[in-house]
Amino acid sequence: MRMKEDYMRNGQLKAAYNMQNLVQNGYVVACGAFMDRNDYRTMIPMLEKLEKDGFSYDSYCADSGYDLKDNYVWLEKHGKKAYIKPQYHEENRKRKRRKNPSLKCNYSYDEGNDTFTCMRGHTLHHEEDLKDGRGVYVCRRGCKSCPLRKQCMLSTADKHDYKRLTIDIEAEKYRRKSEVLITSEKGIEIRINRSIQAEGSFSLLKAAFGYRRFRTHGIRNIEAEWMILCMAGNALRYSIRLANGRAGTPFWFRIEQQAS
């Protein structure tokens, strides 16, 4: 991971780790340190660690950094609901993207016939499967005279006669299912609480505690140090709630609170 405070500004002089927190009711219930530059492959090890420690939940919420098919598969296999925001959730809501004929989200899928239909009503048929699990769908007619050819095919308009769509059907099914969950009234509330609680656990340690750099070296030592910090954060949160007489009540922000 690149460090913004590196005075050479090239990310070469500081070691960095990808720290992960699993939070419930404002308290960190599990944490871990990884050397991954992104969050994709950190979710399953964290959840397996949580299950091993005796914690199990019927649903999990995460941001778009965890939008990976393997994560969806693991959650479904273990009977958990996935409240994961797809990567292009916010972008796809914009009018400009909804009118873009080249985007996969603007193709309707017919599961019975295993075909896609573009904005102009042309059908794309399944042609082959790639080794990475994606399928290739090709339009067999209508592309040459289509007025949206350039906008739809982009750089491939000069290479191919017809539109070729490469897509992972299984991953898209998981994403659309998650999209329904996160846009429901319950899903919106869960996502608000994820932002408050999960991001708040990091801001407490970095801003309130002023902790900006680890004192030890090595991923195991770093993880132990981070765990101690999280325990201190949990103790501080509990003491505040205890002082306010709210120690036994779950921390949960409800949408109607904002409305009132």
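A disulfide is taken here as a pair of cysteine sulfur atoms within 2.5 Å. By that criterion the structure, which is a predicted model, holds zero disulfides. Cys-139 takes part in none, and the nearest cysteine sulfur, belonging to Cys-143, lies 3.5 Å away. Cys-139 is buried, at a relative accessibility of 2%. For Cys-152, the closest cysteine sulfur is that of Cys-118, and the distance of 6.3 Å is too far for a bond. Cys-152 is likewise counted as buried, with 12% relative accessibility.

The chain was next described as a whole. Its secondary structure consists of eight helices and nine strands. The C-alpha trace spans about 70 × 50 × 35 Å along the principal axes. The radius of gyration of the chain is 23 Å, whereas a compact globule of 260 residues would have a value near 18 Å. Of the 260 residues in the chain, 34% are buried.

Aromatic contacts were then examined. Rings of Phe, Tyr and Trp were paired when their centres lay within 6.5 Å, and the count by this rule is seven aromatic pairs. One of these joins Tyr-72 and Tyr-174, whose rings are stacked, with 5.7 Å from centre to centre and 5 degrees between the planes. Tyr-72 belongs to helix α2 (residues 69-77) and Tyr-174 to helix α5 (residues 169-182), so this pair ties together parts that are 102 residues apart in sequence. Both partners are buried: Tyr-72 has a relative accessible area of 3%, and Tyr-174 has one of 12%.

A further pair is formed by Tyr-211 and Phe-214. Their ring centres are 6.3 Å apart and their planes meet at 65 degrees, so the arrangement is edge-to-face. Tyr-211 is buried, at 16% relative accessible area, while Phe-214 is partly exposed, at 24%. Together with Phe-202 and Trp-226, Tyr-211 and Phe-214 make up one aromatic cluster. Tyr-211 also has a charged neighbour, as Arg-215 lies over the face of its ring at 4.5 Å from the ring centre.

Helix α5, which contributes Tyr-174 to the stacked pair, was considered in more detail. At 1.5 Å a residue, its 14 residues should span 20 Å, and the C-alpha atoms at its two ends are 20 Å apart, in agreement with that expectation. The N-terminal end of α5 is capped by Asp-168, which places a side-chain oxygen 3.2 Å from the backbone nitrogen of Glu-170. The buried residues of the helix are Ile-169, Ala-171, Tyr-174, Ser-178 and Ile-182. An α-helix has 3.6 residues a turn, so residues three or four places apart point the same way.

Finally, one loop residue was located. Arg-120 is found in the loop between strands β6 (115-117) and β7 (123-129). With a relative accessibility of 47%, Arg-120 counts as partly exposed. Computed along the sequence, Arg-120 and Ser-102 are 18 residues apart, and their C-alpha atoms are separated by 12 Å in space.

Definitions and conventions
Residues are numbered from 1 along each chain as its sequence is written. This is a predicted model: local features need pLDDT of at least 70, side-chain atom pairs count only at pLDDT 80 or more; totals for chains, interfaces and linings use all residues. Side-chain values use heavy atoms; hydrogens and water are left out. Rings of Phe, Tyr and Trp (its six-membered ring) pair if their centres lie within 6.5 Å; planes under 30 degrees apart count as stacked, over 60 as edge-to-face and the rest as tilted. Helices (H or I, at least four residues) and strands (E, at least two) are DSSP runs, numbered from the N terminus. Buried means under 20% relative accessible area, exposed over 50%, partly exposed in between (1.4 Å probe, protein chains only). A charge sits over a ring if NZ of Lys or CZ of Arg is within 6 Å of the ring centre and within 35 degrees of the ring normal. The expected span of a helix is 1.5 Å times one less than its number of residues. A polar contact is a pair of N or O atoms within 3.5 Å; within protein, one must be able to donate a hydrogen and the other to accept it, and residues adjacent in sequence count only if both atoms are side-chain atoms. The radius of gyration is taken over C-alpha atoms; the globule rule is 2.2 Å times the number of residues to the power 0.38.
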